[in-house]
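Here is an informal walk through one two-chain structure. Have the viewer open as you read.

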Amino acid sequence: MSIWIHEESKVLIQGITGKQGTFHGTMMDEYQTNVVGGVTPGKGGQIVELPNKNVPVFNSVSEGLEETNADVSVIYVPAKFAAAAIIEAADAFEQNGGGLIVCITEGIPILDMIRAVARVDAYPNVRLIGPNCPGIITPGENGGCKVGIMPGFIHAKGRIGIVSKSGTLTYEAVAQTMSVDEGQSTCVGIGGDPVNGTGFIDCLAAFEADPQTEAIVMIGEIGGSAEEEAAEWASKNMSKPIVGFVAGSTAPPGKRMGHAGAIISGGKGTAQEKFAAFEAAGIYVARDPSEIGNVLVKALKDAGLR
Amino acid sequence: MNIHEYQGKILFKEAGVKVQDGIHCKTVIDALSAYDSLGSKIVAVKSQIHAGGRGKGNLYDPENGDLIMEGGVKIAFSRDEVETYASNIIGRKLITKQTGPEGKIVNNLYIESGCSIAHEYYLALLIDREAKSVLIMASKEGGVDIEEVAENTPEAIHKIWAHPIDGLDIKDAENMADQLGLVDSSKDDLVSMLSSLSRMFVEKDCAMIEINPLVRSESGEMIALDAKVSFDDNASYRHPWMDEMRDHAEEEEVEIRAHEHGLSYVKLEGNIGCLVNGAGLAMASMDVIKLYGGEPANFLDIGGGATRESITTAFGIILEDDNVEGILVNIFGGIIQCDMVARSVIEASNELGLEVPLVVRFSGTNHVEGKAVLDNCDLDVHTASTLSEGAEKIVKLTRGEQ
């Protein structure tokens with residue numbers, strides 16, 4: 001198995017007729033992702049040609065779900081329309097028994113995301129990944145299910161789950177697993193925006209429950225306290241080994257306005273704090289992303305998995 | 001995006017939050033006529049910069065670094081004092097805890113009517129990323145160093161949340177007033193202020209509103225004596241007025257120029273320039289340079305939509321920094337193709353006359369083709385297959401070890 005998406009997942013593309021939607025729809029199809037259609041309001045009835053097949057365009061997500069029974073929708077619409085696209089997809093999936101929304105778009109206003117996440121959270125069977133993320137991928141034997149903008153060819157099917165706040169650093173983590181002959185079960189880019197859908201703990205819990213996943217690589221970034229909370233949660237709930245890295249040790253504190261940010265963070269949020277939380281939770285720490293592979297090998301050996 | 005106190009107070013007034021009368025000035029003469037027209041014997045003369053800690057900051061001569069005056073916010077009891085303080089402030093460099101050691105030149109001044117203060121409070125509204133809501137924080141211990149209060153006596157910071165969908169619950173606002181010990185008209189004032197501010201926060205797409213101090217006057221009125229307001233840049237498309245409020249003099253010119261080319265650049269103090277795709281990988285590249293004993297000269301994320309033109313601009317920006325003694329290019333190709341980056345790097349190096357060592361690490365899309373382009377060019381460029389190898393190489397090269 002894998003988490004949240006698998007090789008047969010049926011994927012809709014919101015914004016399929018736009019430049020980004022068409023380009024990445026093509027790349028997803030080339031990776032053998034089961035793209036079943038797209039949504040662009042006002043362009044229903046059109047056909048989009050992908051390398052392996054032609055797919056229909058619908059006027060709305062609910063129309064698309066009715067026709068295709070898709071279980072995943074990926075959003076490539078511009079930032080000013082993206083929150084509305086998330087809400088539309090959430091409502092439609094709720095009517096249809098649930099589903100996964102993956103929002104790639106970056107630059108969405110924070111208050112829009114607070115509203116969109118509130119809607120998604122009201123539906124227990126609807127999950128949002130992102131925004132401002134590379135997406136999610138489950139590599140298969142031949143291609144796989146790629147829902148997002150990551151380069152498919154760097155992946156291979158395997159037993160390592162990857163969760164990351166960062167885009168290209170996720171690819172780095174994938175390359176590190178490959179450098180020690182390990183493939184991936186599922187890789188999730190949760191995005192680095194202040195307010196997003198799926199968090200680290202959701203991913204860790206899913207990887208813990210997934211029989212294919214035997215170890216996890218977790219990539220954090222400075223800011224917020226999600227890494228610290230995930231580390232504490234992991235120390236109580238995870239039996240599988242985790243390798244962790246946090247980017248931003250050398251980032252300067254930055255010029256700032258006022259005290260409010262510092263008060264709410266309460267000393268949390270620095271890379272040092274996050275690394276310390278990882279170590280306290282028994283997470284294997286890589287201080288250099290080029291070391292993730294070696295640290296993973298050690299973690300697997302310690303767990304008797306290699 | 002940040003704005004000045006005087007601009008924040010215009011927004012407060014519009015929102016129905018009580019502020020003292022005040023006038024924005026750019027010269028000493030303006031300051032004197034502001035004093036005359038305010039008609040208040042006692043006024044506050046306040047430096048306007050995009051950073052906090054102004055009251056406890058010091059003003060220096062930007063030419064020779066001499067200390068001119070202690071305190072960037074002064075209470076003047078006469079017209080003469082207004083003149084003295086204003087001339088000590090305008091055009092000087094103000095260094096506060098929040099500006100960093102380089103400080104900021106003060107180009108704007110705010111002259112504000114004095115206020116009889118009975119007590120100082122702290123109030124802030126900001127995004128709470130864990131609660132996914134708007135957090136309102138207040139404390140009785142305003143004015144003093146609020147961060148120390150938060151650290152030593154966290155129970156003295158009271159918190160309520162105003163979700164953008166449901167708005168502020170008046171009961172929560174009343175409870176907050178009770179916790180601050182406010183009664184009668186002061187309590188009513190605070191409740192109305194909280195509802196005005198939470199409405200303003202959402203309507204204007206704020207990222208933060210901070211009032212330190214919020215004061216209770218001798219007559220019991222709740223008045224915002226300070227205004228630190230910042231906005232969510234992602235929402236600027238729906239607020240055309242934001243552009244008019246933007247003070248370009250407060251922003252780094254090179255960072256603005258980078259932004260116009262889709263680049264995200266922050267200058268740092270080190271000697272190794274970095275050019276990377278993706279913010280996380282850019283931070284990680286800086287971290288690894290440091291691990292190998294070097295110091296990064298900048299953070300630079302060329303983004304997913306980089307072109308030959310934007311990469312040339314990025315190279316130019318890196319090389320404008322005289323401290324740069326070597327450059328590390330670290331690209332993990334996804335959408336971006338390494339061979340395109342390779343050609344752009346060669347073009348930019350030739351165009352700009354690159355004289356410092358260059359190490360390039362490619363991985364991902366077309367990395368083999370990218371490396372081939374570099375191997376077959378006349379440029380003295382070193383390649384690396386991993387980030388740590390690249391970082392180690394550039395650190396050694398800048399030390400003349402290779």
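## A cut-off first, then an odd backbone angle

A residue is called buried here if 20 or more other C-beta atoms lie within 10 Å of its own, exposed if 12 or fewer, and partly exposed in between. Keep in mind that this is a predicted model.

Now try that on K132(B), which sits in the loop between β9 (117-128) and β10 (133-139) of chain B. Is K132(B) buried or exposed? K132(B) has 21 C-beta neighbours inside 10 Å, so it counts as buried. Its phi is also worth a look: the value is near 55°, which is positive in a residue other than glycine.

Chain A has a case of its own. Q32(A) is not a glycine either, yet its phi is positive at about 75°. You'll find Q32(A) in the loop between α1 and β2 (34-39) of chain A. Here the count is 17 other C-beta atoms within 10 Å, so Q32(A) is partly exposed.

## Two cis peptide bonds

Which residues does a cis peptide bond join in chain A? They are G130(A) and P131(A), with omega at about 15°. P131(A) belongs to the loop between β7 and β8 (135-139) of chain A.

Over in chain B, N212(B) and P213(B) are joined by a cis peptide bond, and omega is about 15° there. P213(B) is part of a strand, β12 (residues 206-217) of chain B.

## Chain A and its two domains

Chain A splits into domain 1 (10-129) and domain 2 (135-302). Their C-alpha centres lie 25 Å apart. Across the boundary, 20 residues of domain 1 are in contact with 19 residues of domain 2.

On the domain 1 side, α1 (19-30), β5 (72-75), α4 and β7 (126-129) of chain A each supply at least two of the touching residues. The largest share, five residues, comes from α4(A). By class, this side of domain 1 has 15 nonpolar, four polar and one charged residues.

## Where the chains meet

How many residues does each chain bring to the contact? Chain A gives 49 residues and chain B gives 58 residues. Within chain A, α3 (79-95), α4 (110-121), α5 (168-179) and α8 (260-265) each supply at least two residues of the side that touches chain B.

Once again α4(A) turns up: the largest share of the side of chain A that touches chain B, six residues, comes from this helix. The class split on that side of chain A is 26 nonpolar, 14 polar and nine charged residues.

## A covered strand

Strand β12 (residues 215-221) of chain A is mostly covered, with seven of its seven residues buried. A215(A), V217(A), I219(A) and E221(A) point one way from β12(A), while I216(A), M218(A) and G220(A) point the other way. So you get a nice mix of side chains under cover, including E221(A), as all of these are buried.Strand β10 (residues 157-164) of chain A pairs with β12(A) in the parallel sense over five bridges, and V163(A) stands opposite M218(A) in β12(A). β12(A) also pairs in the parallel sense with strand β13 (residues 242-247) of chain A, over six bridges. In that pairing, I219(A) stands opposite F245(A) in β13(A). Add helix α7 (residues 226-237) of chain A, and β12(A), α7 and β13(A) make a right-handed β-α-β unit.

## Nonpolar cores

The largest nonpolar core has 203 residues. Those with the most contacts inside this core are I75(A), I86(A), I101(A), V102(A), V147(A), V217(A) and L300(B). Take I75(A): leaving aside its neighbours within four places in sequence, its contacts include Q14(A), G15(A), A82(A), I86(A), I101(A) and V102(A).

A second, separate core has 24 residues, among them A51(B), V82(B), Y85(B) and I111(B).

## One loop residue in chain B

N271(B) lies in the loop between β15 (264-267) and β16 (272-276) of chain B. With 21 C-beta neighbours inside 10 Å, N271(B) counts as buried.

What lies across from N271(B) at a C-alpha separation of 5.9 Å? That is E295(B), 24 residues apart from N271(B) along the chain. Leaving aside neighbours within four places in sequence, N271(B) is in contact with E295(B), A297(B), N323(B), V324(B), E325(B) and T398(B).

Note on methods:
Residues numbered from 1 in each chain as written. Chains lettered and ligands numbered in written order. Predicted model: local features only at pLDDT ≥ 70, side-chain atom pairs only at ≥ 80, totals over all residues. Contact = placed C-beta atoms within 7 Å. Helix = DSSP H or I, 4+ residues; strand = E, 2+ residues; numbered from the N terminus. Nonpolar A, V, L, I, M, F, W, Y, C, P; charged D, E, K, R; others polar. Domains from an automatic or database assignment. Pairing = 2+ DSSP bridges. Right-handed = clockwise from strand over helix to strand, strands pointing away. Core = buried A, V, L, I, M, F, W, Y, C linked by C-beta atoms within 7 Å.
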